[in-house]
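Student: Could you take me through one part of this model closely, the place where its helices pack? I would like to see how the individual residues fit into the picture.

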Amino acid sequence: MSFALYLTGFVIFIAGVAWGLVTAGVPGLYVAIGSVILLGIGMFTGVSRTRGKDPS
């Protein structure tokens with residue numbers, strides 16, 4: 001559940017950044033590429049922060 005919450009927050013963050021870039025006049029292709037890269041970084045970060053500890 002915490003991974004979904006983390007990813008939801010990151011998607012909202014990406015949407016805000018994309019909106020700001022479009023408002024600033026950055027071409028849509030660059031906004032899309034940046035959003036996909038940020039989504040990948042968010043997924044890697046979310047998995048590493050929310051995975052369970054090894055019971056050893």
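Tutor: Here is a walk through the helix pairing, one helix at a time and then the contact itself. Please keep in mind that this is a predicted model.

Let's start with helix α1, which covers residues 2–24. Its 23 residues reach 33 Å from the first C-alpha to the last, close to the 33 Å expected at 1.5 Å a residue. Four residues of α1 to pick out on your screen are Leu 7, Phe 10, Ile 14 and Ala 18, which are buried. As a reminder, an α-helix has 3.6 residues a turn, so residues three or four places apart point the same way. What covers the buried residues of α1 includes α2, residues 28–50.

Between these helices, have a look at Gly 25, just after α1, which takes a positive phi of about 95°.

Now for α2. With 23 residues at 1.5 Å each, α2 should span 33 Å, and its end C-alpha atoms, 32 Å apart, agree with that. Buried in α2 are Val 31, Ser 35, Gly 42 and Gly 46, and the buried residues of this helix pack against α1.

How do the two helices sit together? Two packed helices are described by the angle between their axes and the distance between the axes. Here the axes of α1 and α2 come within 9 Å and cross at roughly 160°. That angle makes α1 roughly antiparallel to α2, and the crossing is right-handed.

As for the side that α1 brings to the contact, the residues include Phe 3, Leu 7, Phe 10, Ile 14, Ala 18 and Leu 21. From α2 they meet residues including Val 31, Ser 35, Leu 38, Gly 42, Gly 46 and Arg 49. By type, the residues of the contact divide into 15 nonpolar, six polar and one charged. Several names should be familiar by now: Leu 7 and Phe 10 are among the buried residues of α1, and Gly 42 and Gly 46 are among those of α2.

Finally, zoom in on Leu 21, which is found in helix α1. Leu 21 is partly exposed, with a relative accessible area of 33%. Leaving aside neighbours within four places in sequence, Leu 21 is in contact with Val 26 and Val 31. Leu 21 and Val 31 are ten residues apart in sequence, and their C-alpha atoms are 6.7 Å apart in space. On the other side of that pair, Val 31 is one of the buried residues of α2.

Conventions:
Residues are numbered from 1 along each chain as its sequence is written. This is a predicted model: local features need pLDDT of at least 70, side-chain atom pairs count only at pLDDT 80 or more; totals for chains, interfaces and linings use all residues. Side-chain values use heavy atoms; hydrogens and water are left out. Helices (H or I, at least four residues) and strands (E, at least two) are DSSP runs, numbered from the N terminus. The expected span of a helix is 1.5 Å times one less than its number of residues. Buried means under 20% relative accessible area, exposed over 50%, partly exposed in between (1.4 Å probe, protein chains only). Contact means heavy atoms within 4.5 Å. Axes are lines fitted to C-alpha atoms, for helices over the stretch in contact, and angles run from 0 to 180 degrees between N-to-C directions. Angles under 35 degrees count as roughly parallel, over 145 as roughly antiparallel, 65 to 115 as roughly perpendicular and the rest as oblique. A crossing is left-handed if the near helix is turned anticlockwise from the far one by less than a right angle, and right-handed if clockwise. Ala, Val, Leu, Ile, Met, Phe, Trp, Tyr, Cys and Pro count as nonpolar, Asp, Glu, Lys and Arg as charged, and the others, Gly among them, as polar.
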